[in-house]
Amino acid sequence: MNSWKIFQGNSQPHDEIIRLPEPPNWRKFLGADNQIIKQIEQCWKNFLDEKGEATEDLERGKSFRIQTDREKDKNSVINMVNAALYLRRPLLVTGKPGTGKTSLAYAVAYELKLGPVLPWYITARSTLKDGLYDYDAIARLQDVQMGDKSKEIGRYIKLGALGTALLPFPRPRVLLIDEIDKSDINLPNDLLNLFEEGKFEIPELARLSKEVSQVEVRTYDGMDVPIKDGKVCCQNFPLIILTNNGERDFPPAFLRRCLRLTMPYDPDATALKEIVRAHLGSDVLTRDEAKIEELIREFIKKRSGGDLATDQLLNAIYIVTRKLKPEQQDEENLTDVLLKYLTSEEDR
């Protein structure tokens, strides 16, 4: 490929991530220990060999489609993903429900062969430490009280999705911070230094570093990896995708550290058919083509009066194209219910 675009958005896996150039001087991360880098590279290779190809992540990434027919809008999504890769900056993705904000992370991981996505699902109680690691002090105390004198503190520590993403992997991992706008007001500010520095410390390990310099801990996705002196330093800054439903504003300092993308959403009948094919298979379109086209027309017509998600159309088509499907009267009723607007008014 001669294009600057490493991510093509075409659901075709490739190894073009190796063309990713060196980061800008202000985004270089050189803190990782060389020995740790080699050990984690081997851990990563073993992990991928054991995991194999057939995973839910791969299927989700494979079926992703940008939901617009406008080439300009499609290119905007692809360009912003590539900009985030080149600049090593988080990508803050906003858009209506069902526009593919979350699935975009899986699409990038699938196409660029970056391994399983690391998801961190945000709630109002989420803290920075939740994303970095968990230390089970109670379990350790119980083991000591029962006579276990082992000093293997690493078995009581598990890295979170964010902490795992910052390990010095040979390729950048994809980290999904889902619904960041649901967080406590302090979390975006707490993320600022981490986004700049690309490293963090685990105090429980740092305190013991003179006695035990290297400790093995469990990652979010189940690998056992070494940590030296209690410090985690990235080698390749992860591709961080933060989804945002627009429920709140973010501080300027946080926005300055992110690239921002609004997912387009205006698919016509042709694009919707392609989305149906990607998610439900080509054979679905031949089972009852007239019925599917009717549902697509109804979906497009109704969408002009309020918010609907493409998931709702997929649900309706799935129901009416099964071998065991509802009777005509039930089918019409179900379709009306499945294509309700995304508000609570119709439920009252």
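**Exercise 1. Where does S11 lie in this predicted model, and is S11 buried or exposed?**

Step one is to place the residue: S11 belongs to the segment before α1, the helix of residues 34-51, and the structure in which we look for S11 is a predicted model. Step two is to read the accessibility, which for S11 is 14% in relative terms; because buried means under 20% relative accessible area, S11 counts as buried. Step three turns to the backbone, where S11 has a positive phi of about 60 degrees although S11 is not a glycine.

**Exercise 2. Find D229, and state which accessibility class D229 falls into.**

The search begins in the loop between β8 (224-228) and β9 (231-233), for that is where D229 lies. The backbone of D229 has a positive phi of about 55 degrees, although this residue is not a glycine. The relative accessible area of D229 is 31%, and because the partly exposed class covers values between 20% and 50%, D229 is partly exposed.

**Exercise 3. Describe the protein chain as a whole before going into its parts.**

Begin with the secondary structure, of which the protein chain has 15 helices and 11 strands. Next take the extent of the chain: along the principal axes, its C-alpha atoms fill a box of roughly 70 × 55 × 40 Å. Then consider burial, for of the 348 residues in the protein chain 47% are buried. Finally, look at contacts with a separation of 6 or more, of which 81% are between residues 24 or more positions apart.

**Exercise 4. In what order do the strands of the open sheet stand, and which strands are at its edges?**

The first step is to list the strands across the sheet, which is open, has five strands with parallel pairing, and follows the order β2-β5-β10-β1-β11. The second step is to look at the ends of that order: β2 (118-121) and β11 stand at the edges, and each has a single partner strand, so one side of each is left without a neighbour in the sheet. The third step is the twist, which averages 20 degrees from one strand to the next.

Now follow β1, which comprises residues 91-94, to its partners. With β10 (residues 239-244), strand β1 pairs in the parallel sense over four bridges, and within this pairing V93 has T243 as its bridge partner. With β11 (residues 259-262), β1 again pairs in the parallel sense over four bridges; here L91 stands opposite L259, while L92 has R260 as its bridge partner. A helix completes this part of the picture, since α3 (residues 71-87) lies across β1, β10 and β11 and runs at about 160 degrees to β11.

**Exercise 5. What surrounds T99, and what surrounds T310?**

Start with T99, which is found in the loop between β1 and α4 (101-111) and is buried, with a relative accessible area of 1%. Its side chain reaches the backbone oxygen of K96 at 2.7 Å. Residues up to four places away in sequence set aside, T99 touches Q67, M263, P264 and Y265.

Continue with T310, whose place is in helix α14 (residues 310-320) and which is buried at a relative accessible area of 2%. The side chains of T310 and Y265 are joined by a polar contact of 3.3 Å. With neighbours within four places in sequence left aside, the contacts of T310 are Q67, G98, Y265, L272, I275 and F299.

**Exercise 6. How do α13 and α15 cross, and what does I296 in α13 touch?**

First locate the helices, α13 at residues 289-303 and α15 at residues 328-338, whose axes come within 12 Å and cross at roughly 30 degrees. The crossing of α13 past α15 is right-handed. Next list the residues that meet, which are K291, L295, E298 and K302 from α13 and Q328, E331, T335 and D336 from α15. Sorted by class, this contact has one nonpolar, two polar and five charged residues.

Then turn to I296, which also has its place in helix α13 and is buried, with a relative accessible area of 2%. Apart from neighbours within four places in sequence, I296 is in contact with A269, L272, K273 and L313. As a last step, compare chain position with space: I296 and T270 are 26 residues apart along the chain, and their C-alpha atoms are separated by 9.5 Å.

Note on methods
Residues numbered from 1 in each chain as written. Predicted model: local features only at pLDDT ≥ 70, side-chain atom pairs only at ≥ 80, totals over all residues. Heavy atoms only, no water. Pairing = 2+ DSSP bridges. Helix = DSSP H or I, 4+ residues; strand = E, 2+ residues; numbered from the N terminus. Buried < 20%, exposed > 50% of the residue type's maximum accessible area, 1.4 Å probe, protein only. Polar contact = N/O pair within 3.5 Å; in protein donor to acceptor, adjacent residues only side chain to side chain. Contact = heavy atoms within 4.5 Å. Axes fitted to C-alpha atoms, helices over the stretch in contact; angles between N-to-C directions. Left-handed = near helix turned anticlockwise from the far one by under 90°. Nonpolar A, V, L, I, M, F, W, Y, C, P; charged D, E, K, R; others polar.
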